[in-house]
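Subject: Structure handover and notes

Dear colleague,

Here is the structure I promised to pass on, with my notes below it. Please read the two together.

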Amino acid sequence: MPSELRYQPPLRLPAVITDRWGRVDTVLVNDGQTFSLLLRGNRFEGSSLDALELAGRLDEDGLPPDLTRLDELCSCTIEWSTPLQVAGPDAEDHPATLRGRVVLGDPAPSGGLDALSVTLRLDLPNGGGTVATAGPWEDMEDALLDLRRQLPPGIRILACITCAYSDYSPAGSGFMGSMACFRGSKDAYRTVSGKPGLLAVWDRRTGFTQETFHCPEFEPRRPGTGYRG
């Protein structure tokens with residue numbers, strides 16, 4: 001992913017992990033492409049919070065985290081907060097805080113599905129408030145789209161999920177972080193309608209980004225645009 005699709009510098013987000021050993025306060029580092037965190041001396045990295053892979057060797061002296069056969073973190077809950085921006089009825093941008101909770105299931109063959117729920121804290125001139133999704137959901141796309149439906153009139157999320165130049169592969173998307181950006185080929189993407197149109201410009205994408213990322217070239221999405229509508 002080009003450097004302009006990364007956070008500069010990376011975000012250091014407060015996070016809490018709860019597993020069979022108890023609760024751990026940690027820091028979730030997000031550079032816009034990769035997440036990383038420490039859990040009792042073990043470092044995990046991944047492009048999505050449901051695919052945090054052990055980086056290096058397991059700390060054999062501490063309480064062992066639960067891992068899948070691919071050495072990915074499982075059987076725990078990750079809670080974190082990240083800053084967002086929203087546009088208000090006054091046509092001004094305002095800060096907001098997205099709080100997420102990901103439940104990672106047990107490893108196969110008895111494992112359950114990963115689940116996500118999010119809430120958004122609005123800091124507006126009239127006092128703001130908190131909006132929650134009706135989830136839990138199986139991916140960030142559905143969670144944020146549901147959150148958008150719960151927002152007060154006149155409030156819009158300013159992030160890749162609502163950008164005019166973002167889309168998902170017709171082959172499917174991951175839990176989070178697999179959103180394609182077409183900011184480098186705006187004119188071509190504006191003509192896209194449906195699957196064939198997206199496939200025709202797919203190789204012209206700028207890169208992949210996270211749903212909550214925001215860049216200076218953000219433009220509001222119009223209903224019916226692209227493959228995802």
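Along strand β4 (residues 42–46) the side chains alternate, with N42, F44 and G46 pointing to one face and buried, while R43 and E45 point to the other face and are not buried. Here buried means under 20% relative accessible area, against over 50% for exposed and in between for partly exposed, with a 1.4 Å probe and protein chains only. In general, the side chains of a regular strand alternate between the two faces of the sheet. Strands are DSSP runs of E with at least two residues and helices are runs of H or I with at least four, both numbered from the N terminus.

Before going further, please note that this is a predicted model, in which local features need pLDDT of at least 70 and side-chain atom pairs count only at pLDDT 80 or more, while totals for chains, interfaces and linings use all residues. Residues are numbered from 1 along each chain as its sequence is written, and side-chain values use heavy atoms, with hydrogens and water left out.

On the partners of β4: strand β3 (residues 35–39) is joined to β4 by 5 bridges and runs antiparallel to it, where two strands count as paired if DSSP finds at least two bridges between them. F35 has G46 in β4 as its bridge partner, and the hairpin formed by β3 and β4 has 2 residues between the strands, with R40 in the turn at a positive phi of about 50°. Strand β5 (residues 53–54) is joined to β4 by 2 bridges, again antiparallel, with L54 in β5 as the bridge partner of F44; the hairpin of β4 and β5 has 6 residues between its strands.

Strand β1 (residues 11–19) is joined to strand β2 (residues 22–30) by 9 antiparallel bridges, and the hairpin between β1 and β2 passes through 2 residues. The bridge partner of L11 is N30 in β2. β1 also pairs with strand β6 (residues 76–87) in the antiparallel sense, over 4 bridges, and T18 stands opposite T77 in β6.

Further along the chain, strand β7 (residues 93–104) and strand β8 (residues 115–122) run antiparallel and are joined by 8 bridges, with L98 opposite L120 in β8. From β8, 4 bridges lead to strand β9 (residues 129–132), also antiparallel, and R121 stands opposite T130 in β9.

There is also an open sheet of 3 strands, in the order β11-β12-β13 with antiparallel pairing. β11 (166–167) and β13 (207–209) stand at its edges with a single partner strand each, so one side of each is left without a neighbour in the sheet. β11 is joined to β12 (residues 179–181) by 2 bridges, and S166 stands opposite C181 in β12.

As for the protein as a whole, its secondary structure comes to 3 helices and 13 strands. The radius of gyration is 18 Å, close to the 17 Å that the globule rule gives for 229 residues, so the protein is as compact as a globular protein of that length; the radius is taken over C-alpha atoms, and the rule is 2.2 Å times the number of residues to the power 0.38. The C-alpha trace spans about 55 × 45 × 35 Å along its principal axes, and 46% of the 229 residues count as buried.

Best regards
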